Amino acid sequence: MKTFAKGGVHPPENKISAGIPIEILPVPEQVIIPINQHLGAPAEPMVEKGEAVKAGQIIARNKGFVSANIHSPVSGKVLKVDKAFDSSGYKQTCVIINVEGDEWIDSVDRSDKLKRDINLTGEEIIKKCSENGIVGMGGATFPTHVKLTIPPGKKCNVLIINGVECEPYLTSDHRLLLEKTGEILTGTSLLMKALGVERAMIGTENNKKDAIEKLQSMVSEYSGISVHALKVKYPQGAEKQLIKALIKREVPSGGLPIDVGTVVHNVGTAYAVYEAVQKNKPLVERVVTVTGKDMEKPVNLLTRIGTPVSKLIEYAGGLPDSTAKIINGGPMMGKALASLDVPVTKGTSGIILIRRKESRRSETGPCIRCSKCIAACPMGLEPYLLMTLAEKELYERAEKERIMDCMECGSCSYICPAHRPLLDYIRLGKSNVGRIIRERKQK
């Protein structure tokens, strides 16, 4: 079965909510919408205190090419444009709206009818993605219109759709594949037209047999698209590992997928592109997995952007007494939340409640030179060495040892028998090396 060659680990899957259909979370009384929910420049607010808005209306416009529009997910009145905490624990500018009813702008088609016919050109599809604020839904939140704009001198000959969802606990992509199959396949066709390619490959791990069967039963109706079952191994869903597994090409150090003739989009992105192009619907809601071993009602929730995390947990039965940590994203790459008042954003794939006994860090021991971290690293790095270099602030050497190639998957920390905080130090080293590289370029 197809997979990547280097490294990888097998954490318990804990896909508790895999069999639970998507439910619609009621619209909250108030939403907090950060103007920076994407990689690149923050958007610029276009509304003021007291202004009435409708769902789907643009409230912050992109600033520059690598940026994304922000739209109101609700109808109501703007309470204020002010600083508020986001999931990172830092304050950023947000548009805070008090909800009144649920009135949408007229141009949005909210019907459930599948619209397969594609009547727009590739350039028009890219423009629609830009206008509707579509970003990568797998967590990276890179503006989709930028990814669809191929740089001069480069050529894409195959589109890869990432339906792997290899992080433990998360099941939002799985449910989308099952419940919105036609929309995802149509979204894939739209992305193919935008890129000017005739071939697309949808990859998903073999633990989603029902989704694979559903895709395979419908894919013959769509030209140029094939479905591929992949071996269950973390981090199979990482961009470079997925490319290696499906088309046997290796993205060079410091390079991008387009350097090997491919572009990768998440299944959630394909669905968002379908809604943006075929339904003229901006990215104002997404599916979020809310789960945990002691949760009363693990769920997959279609949630309006800006909804406080507390509302999702409340809907799922409330916070169990055993909860010690709440993770935004998956347990391998996600980060702990400091507050339940922070909002869901375009990049929120899951909220995971971790029990007390599983959240405690084990006591750190000395490195025993076992090399398990090297064997587990899917990028072929030496995590123990990168940790030491970061700890000792030897950033020039760390750069030479390719610290910037680390994708922060956490496989090294997971596998380490001495429980060393490898990823923590590597992240610290990456931030400092990245700063040094930026300063060098400015000179």
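The points below go through strands, salt bridges, rings and a surface patch in this structure, which is a predicted model.

1. The open sheet. A newcomer may wish to start with the sheet of 6 strands, which is open, has mixed pairing, and runs in the order β1-β14-β13-β17-β15-β16. Because β1 (22-24) and β16 (335-336) stand at the edges with a single partner strand each, one side of each is left without a neighbour in the sheet. At the β16 edge, the pairing is with strand β15 (residues 323-328), in the antiparallel sense and over 2 bridges, and here I327 stands opposite A336 in β16.

2. Pairings around β5. Strand β5 (residues 58-61) pairs with strand β3 (residues 44-45) in the antiparallel sense, over 2 bridges, and the bridge partner of E44 in β5 is R61. β5 also pairs with strand β6 (residues 70-71), again in the antiparallel sense and over 2 bridges, with A60 standing opposite I70 in β6.

3. Salt bridges, beginning with E103 and K54. The structure holds 25 salt bridges, and in one of them the side chains of E103 and K54 meet at 3.4 Å, N to O. This pair links distant parts of the chain, since E103 is in the loop between β8 (91-99) and α1 (122-131) while K54 is in the loop between β4 (52-53) and β5, 49 residues apart. E103 has a relative accessibility of 46% and therefore counts as partly exposed, and K54, with a relative accessible area of 30%, is partly exposed as well.

4. A link between two helices. The side chains of E239 and K147 meet in a salt bridge at 3.3 Å, N to O. E239 lies in helix α6 (residues 239-247) and K147 in helix α2 (residues 144-147), so the pair ties together parts that are 92 residues apart in sequence. How exposed are E239 and K147? E239 counts as partly exposed because its relative accessibility is 30%, and K147 counts as partly exposed at 26%.

5. A salt bridge that involves the open sheet. R355 forms a salt bridge with D294, the closest N and O atoms being 3.4 Å apart. The two residues come from distant parts of the chain, 61 residues apart, with R355 in strand β17 (residues 350-355) and D294 in the loop between β13 (285-291) and β14 (299-304). D294 has a relative accessibility of 33%, so it counts as partly exposed.

6. A network of charges. Beyond the pairs described above, a network of salt bridges links D102, E275, K281, E285 and R304.

7. Aromatic rings. How many aromatic pairs does a search of the whole structure find? The search finds 0 such pairs, yet rings do take part in contacts with charged side chains: R116 lies over the face of Y222, at 4.1 Å from the ring centre, and K233 lies over the face of F4, at 4.2 Å from the ring centre.

8. A nonpolar surface patch. L39, F65, V66 and F142 form a nonpolar patch on the surface, and together these residues have about 330 Å² of accessible area. Within this patch, L39 has its place in the loop between β2 (30-34) and β3. L39 counts as partly exposed because its relative accessibility is 44%, a value that lies between the limits of 20% for buried and 50% for exposed.

Key
Residues are numbered from 1 along each chain as its sequence is written. This is a predicted model: local features need pLDDT of at least 70, side-chain atom pairs count only at pLDDT 80 or more; totals for chains, interfaces and linings use all residues. Side-chain values use heavy atoms; hydrogens and water are left out. Rings of Phe, Tyr and Trp (its six-membered ring) pair if their centres lie within 6.5 Å; planes under 30 degrees apart count as stacked, over 60 as edge-to-face and the rest as tilted. A charge sits over a ring if NZ of Lys or CZ of Arg is within 6 Å of the ring centre and within 35 degrees of the ring normal. Two strands pair if DSSP finds at least two bridges between them. Helices (H or I, at least four residues) and strands (E, at least two) are DSSP runs, numbered from the N terminus. Patches are made of residues with over 30% relative accessible area and no salt bridge: like charges are joined within 9 Å, nonpolar side chains (Val, Leu, Ile, Met, Phe, Trp, Tyr) within 5 Å. Accessible areas come from the Shrake-Rupley method with a 1.4 Å probe; for residues, only the protein chains shown count as cover. A salt bridge is a side-chain nitrogen of Lys or Arg within 4 Å of a carboxyl oxygen of Asp or Glu. Buried means under 20% relative accessible area, exposed over 50%, partly exposed in between (1.4 Å probe, protein chains only).
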